[in-house]
Every structure is written in C-alpha cells, then in structure tokens.
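Subject: A structure for you to look at

Hi there,

Here is the structure I promised to pass on to you. Please open it next to this email and follow along as you read.

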Amino acid sequence: MRHFTSVFDLGDLHEALQEALEIKRDRYKYVELGRNKTLLMVFFNSSLRTRLSTQKAGLNLGMNVIVLDVNQGAWKLETERGVIMDGDKSEHLLEAIPVMGCYCDVIGVRSFARFESREDDYQEKILNQFIQYSGRPVFSMEAATGHPLQSFADWITIEEYKTVERPKVVMSWAPHPKALPQAVPNSFAQWMVAAGYEVVITHPRGYELDPRFTAGATIEYDQMKAFEGAHFVYGKNWSCASPEHYGQVLSKDRIWTICDRQMAVTDNAYFMHCLPVRRNMIVTDDVIEGPRSLVIPEAANREISATVVLKKILEGLK
Ligand code: AN0
Ligand code: CP
C-alpha cells in the first residue's frame, strides 16, 4: 500500500481484519519492520486519540516518530497559490510539504474541513498536496472528508462484539453546539457498507451526507424507526453537507440526543462514538456509561488500526 485515505486503499478487507486481530494478540510482532524508518505526524487540528494511538502504532513497529503541531511553533502557512504573501503567513505549504518529506519516510496528516469552500474540502486539497509534493507515502489522520483510521477501528470493534453475522448498524445524527466536519460519518458509512452490514443512517432533513459516501445505506428520517432492532448504534454530529448550507448548523434539537428512549427499541444495541463526545448533547451520561457502551474499546482499537495501516505502508516501501 502506498497511501491510505479511504477503505478502498486497504485491499482485501478480510485479510486486513485478520492482520488486525493478529496484531492485537501481539502488537510488537513486526517491531523490526520500522527500524530506522521515521514517521512524521503533522497536525493542523487538535487530537487526543489519533496523536497517541498513531504514535504508539509507530513505536509498535519500531519506527522513530516525530510530531509536528503546525499551529504551535511552526511558521504560519499559506495554502493558496498566487497569494501575495504580505500578511501574517511566513511560509507556503508548497515549500513546507517537500521539506517535511526530507526528514521522514511516512507522513500522517490531520487536516479538517475548513468550511471555506465545499469544493476545496471535498477535493481534499490539503491531503492531496501532501500526496503530490512530499515524495512520501501519506495517510489520513482525519482529512476534510474522511477519517478512515477511525472507521477501521470501529469496524474491528464491531467484529469483536457482534453476535449475528450481518448486524444492523445505525448511524444517528445528534446535536452539537458547533459545526463539525462530515469526515467521521462519511468514512463510517462507506466502511460499514463495504463490510457488508445492514446500514441505516438517521438524521433531520437537510443533513444528507454526500451520496458518494452513503451509497448502499438506507436513509431513515424517523430516528425511533431507524433504531428498531439495531445491534450497534453509532452517534455522531455533523454539519450540513449540501452546497447551499455547507458547514452550517441547521438544528440543535435535543430530541435527537441518544438516550434510553431510543436505545429501548434496539436489539440491546451497543453504543458507539469516535470521541471526543459532548455528554447530554450527543448522548446521555447513562447511555455512555452503561454496560453496552463501546467507546473505550473503540478508542483502544485505534492503536490496532494504525498499526495495520503503517505495517502495510512500510511493506510497500521495500
Ligand atoms: C472532530 C470531528 O467531528 O470531526 C474529530 C472527531 C474525531 N470532532 C471535533 O472537532 C469535536
Ligand atoms: N477519534 C479521534 O480521532 O479522536 P481525536 O480527535 O482525539 O484524535
């Protein structure tokens, strides 16, 4: 594997799952693979899980790891070509990227949707510039439209906890005070369909995701109906994805907050969320603290998904 930006880069999913389970049994099994190889993790946005789990994954594989927080200590970066740089930005991304590539063998990038231009976000302008100009394999640590390391971890978690071959997986929109990207729900929908599950997405009208990511899933606007018989419930907020209202918050209606009322009509479903989560906006204390909450096992599996992805990239370097 050269770059990792979506489920389609991983190759055979069944094999990837077996690799994940193998690494989970012995996470240092491939500790020789990354010897004298350097991982650079570049963050344009905040992170707790991705930062720690991906760094740990690099260490599992024997890599050296460098972390760059672009907004803390680096020069302020211009990202647009053609701009007369007489403002507060001292360096252009088009020099910074190849320079970063000089010091490492693999680059992970976190660069959220900026909501300035739907086109730029959905073309993954920043991530693709890293792919084009760094000279290195690049993997997404959540880019503008996808968070595949998260969805891979979510999928491993569902495979570990499912009790039926083809579970019903319901992704539910839930309210949040600020505009959040569509990256997590896009990737989750795409990955769950690729995994072959029954996938239902529920959200208020106006929150439709881009059909390129949701193809194969059923959209159900009635949240209670969507939850009926669910085996897994995945809570997430996202802002409006449509060109007319791109990045806007159209609703903060807490009727959508996931609580015992909706969970009661499921088939004793597990609750999932990528974290960070705002309690009593997205999900009640009782549900997230309850015995069916998988939020911590999901986070733990981020180390596993990142180790598999880095292993595949390192194998591709040889
Ligand atoms: C981010 C998001 O919703 O994309 C990161 C989630 C992993 N969440 C926030 O910014 C709160
Ligand atoms: N789930 C996730 O990616 O969390 P962070 O934003 O803390 O990395």
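Let me begin with a term you will need: a salt bridge is a side-chain nitrogen of Lys or Arg within 4 Å of a carboxyl oxygen of Asp or Glu. Glu220 and Lys225 give you an example, since their side chains meet in a salt bridge at 3.9 Å, N to O. Please keep in mind that this is a predicted model.

**The chain as a whole**

The protein chain is built with 12 helices and 11 strands. Its radius of gyration is 20 Å, close to the 20 Å that the globule rule gives for 318 residues, so the chain is as compact as a globular protein of that length. Along the principal axes, the C-alpha atoms fill a box of roughly 55 × 50 × 30 Å.

How much of the chain is buried? Of the 318 residues, 55% count as buried. The accessible surface comes to about 13800 Å², and carbon and sulfur atoms hold 50% of that surface. If you look at contacts with a separation of 6 or more, 78% of them are between residues 24 or more positions apart.

**Charges and salt bridges**

Side chains of opposite charge can pair when their charged atoms come close. In this protein chain there are 36 positive and 41 negative side chains, and the centres of the two sets lie 3 Å apart. Searching the whole structure turns up 21 salt bridges.

One of them joins Lys312 and Glu19, at 3.0 Å from N to O. Lys312 sits in helix 12 (residues 295–317) and Glu19 in helix 1 (residues 13–25), so this pair ties together parts that are 293 residues apart in sequence. Are the two partners buried or exposed? Lys312 counts as buried, at 12% relative accessibility, and Glu19 is buried with a relative accessible area of 12%. This pair also belongs to a network of salt bridges that links Glu19, Lys311, Lys312 and Glu315.

Another salt bridge brings together the side chains of Lys76 and Asp88, at 3.1 Å from N to O. Lys76 lies in the loop between strand 2 (64–69) and strand 3 (77–78), and Asp88 in the loop between strand 3 and strand 4 (91–92), so the pair ties together parts that are 12 residues apart in sequence. Lys76 is partly exposed, with a relative accessible area of 46%, while Asp88 counts as exposed at 51%.

**Back to Glu220**

Where does Glu220, from the opening example, sit? You will find Glu220 in the loop between strand 9 (218–219) and helix 9 (223–227). Its partner Lys225 is partly exposed, with a relative accessible area of 48%. Leaving aside neighbours within four places in sequence, Glu220 is in contact with Val200, Ile201, Thr202, His203, Lys225 and Ala226. For a sense of distance, try Arg27: it is 193 residues from Glu220 along the chain, and their C-alpha atoms are separated by 40 Å.

**One more residue to find**

Asp210 is in the loop between strand 8 (198–202) and helix 8 (211–214). This residue is buried, with a relative accessible area of 8%. Which residues does Asp210 touch, not counting those up to four places away in sequence? They are Arg118, Tyr122 and Asn186.

Happy exploring, and write back with any questions!

Best wishes

Definitions and conventions:
Residues are numbered from 1 along each chain as its sequence is written. Chains are lettered from A and ligands numbered from 1 in the order in which they are written. This is a predicted model: local features need pLDDT of at least 70, side-chain atom pairs count only at pLDDT 80 or more; totals for chains, interfaces and linings use all residues. Side-chain values use heavy atoms; hydrogens and water are left out. Helices (H or I, at least four residues) and strands (E, at least two) are DSSP runs, numbered from the N terminus. The radius of gyration is taken over C-alpha atoms; the globule rule is 2.2 Å times the number of residues to the power 0.38. Buried means under 20% relative accessible area, exposed over 50%, partly exposed in between (1.4 Å probe, protein chains only). Contact means heavy atoms within 4.5 Å. Accessible areas come from the Shrake-Rupley method with a 1.4 Å probe; for residues, only the protein chains shown count as cover. Lys and Arg count as positive and Asp and Glu as negative; His and the chain ends are not counted. The place of a charge is taken as NZ of Lys, CZ of Arg, CG of Asp or CD of Glu.
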